[in-house]
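Hi everyone, thanks for making the time. I'd like to walk you through the charged residues in this one, so let's put it on the screen.

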Amino acid sequence: THARMAAQHVVAVVVMMTVMMGVAAADFYPPPFTRPLQVSSPPIEGDDVYVLQNLLLRAKFGVPDLSINSKFDDATSRSLANFQKAASLPATGNLDAASAAAVLDKLEDDGYVDNALPEKMGYLYKVFVPVHRNRSIETMATLYSANNTALFTFLVRAHGSPLYYNATWPDYNETDPGISQFGSNGNTITGLYEFDLNSPEDEPELYGQWPINRATNGLEGNAAIAYPKLRYGILLHTGEWPGWQPGQQMPNSDGCVHTYPDSVKTIWSILTSIGVQVRPNPFGLQPYPYRPQGLLSVQLVSS
């Protein structure tokens, strides 16, 4: 996800400029939303419309003729009006900043619950990562074998890039909520993914010097909507963070899952001991060139 750092910095700078210019919070569109949406000819198209349609359909606000076509059409407008009415907003059928914020606040949580058994799905391992809405709360993740035997527990941080300021690396801020899961470099996306062990990244300062695990394809929950269509490059990795010591809060990432250096080494050792191969790192190449050997399960455990 560091490959998309430049794009995230643009978003952060725009947000910062907005605050400095005194623009009301009601006029700020939280990513992935960046603009008003309304019915027009030709229709407005884009990933923001795609996200909106998916969330409205999943939450059963969609009208019968709503389809996920990434076009803000009449069916999308009528579906949005249904949501606006339920949320006590003006039922205009147009997406303004207040409606965009309400959609993410009320509809982003996917309700995904982990029940994946790796061996029944043809995988060798699973990493389960519980997360809170407040992503500054670090949690204990678990590495499981193919039959869901717990092999190792380790502390993780799944907080993405900041929403309200321009971060410098490493970013230890604990007050910013982070960009939405559907925004570039946002909080780690919830849901089930395919996962695979790769050789180390090229920049040990950012990623550590040991093999990393890479999410390759979303299967359930928000991951199925957003990954890799909207985002790519979610890794389980560490880093050589200046001034950091175990026991301190880890820095925020650009949407990856951060953990301690010793944990990354232990995960690598355990995985190879149960037959998982270290695949040559494709560095973001899509489509992913190998058959993934594991699963990543990220579940919201409290709001």
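So, salt bridges: there are 10 of them in this structure, and please keep in mind that we are looking at a predicted model.

Let me begin with D105, which pairs with R133; their closest N and O atoms sit 3.3 Å apart. D105 belongs to helix α4, while R133 is in the loop between β1 (125-132) and β2 (139-145), so this bridge ties together parts that are 28 residues apart in sequence. How accessible is D105? Its relative accessible area is 44%, so D105 is partly exposed. R133 is partly exposed too, at 31%.

Now stay with R133, please, since D109 also meets its side chain in a salt bridge, at 3.2 Å from N to O. D109 is found in the loop between α4 and α5 (118-121) and R133 in the loop between β1 and β2, so here the tied parts are 24 residues apart in sequence. D109, with 30% relative accessibility, counts as partly exposed.

Next comes D114, whose partner is K126, with 2.9 Å between the closest N and O atoms. D114 is in the loop between α4 and α5, and K126 is in strand β1, so the pair links parts 12 residues apart in sequence. Are these two buried or exposed? Both D114 and K126 are buried. There is also a network: D65, D74 and R78 are joined by salt bridges that share partners.

Let's move on to the loop between β4 and α6. E201 lies there, and its side chain makes a polar contact with the side chain of R214 at 2.8 Å. E201 has a relative accessible area of 13%; the cut-off for buried is under 20%, so E201 counts as buried.

E203 is in that loop as well, between β4 (191-198) and α6 (204-207), but E203 is partly exposed, at 44%. Which residues gather with E203 in a patch of negative charge on the surface? They are D202, E205 and E240.

One last stop, back in helix α4, residues 97-107, where we find S99. S99 is buried, with just 2% relative accessible area. If you'd like a distance to check on your own screen, take S99 and T259: they are 160 residues apart in sequence, and their C-alpha atoms are 35 Å apart in space.

That's my tour, and I'm happy to take questions.

Key: Residues are numbered from 1 along each chain as its sequence is written. This is a predicted model: local features need pLDDT of at least 70, side-chain atom pairs count only at pLDDT 80 or more; totals for chains, interfaces and linings use all residues. Side-chain values use heavy atoms; hydrogens and water are left out. Patches are made of residues with over 30% relative accessible area and no salt bridge: like charges are joined within 9 Å, nonpolar side chains (Val, Leu, Ile, Met, Phe, Trp, Tyr) within 5 Å. Accessible areas come from the Shrake-Rupley method with a 1.4 Å probe; for residues, only the protein chains shown count as cover. A salt bridge is a side-chain nitrogen of Lys or Arg within 4 Å of a carboxyl oxygen of Asp or Glu. Lys and Arg count as positive and Asp and Glu as negative; His and the chain ends are not counted. The place of a charge is taken as NZ of Lys, CZ of Arg, CG of Asp or CD of Glu. Helices (H or I, at least four residues) and strands (E, at least two) are DSSP runs, numbered from the N terminus. Buried means under 20% relative accessible area, exposed over 50%, partly exposed in between (1.4 Å probe, protein chains only). A polar contact is a pair of N or O atoms within 3.5 Å; within protein, one must be able to donate a hydrogen and the other to accept it, and residues adjacent in sequence count only if both atoms are side-chain atoms.
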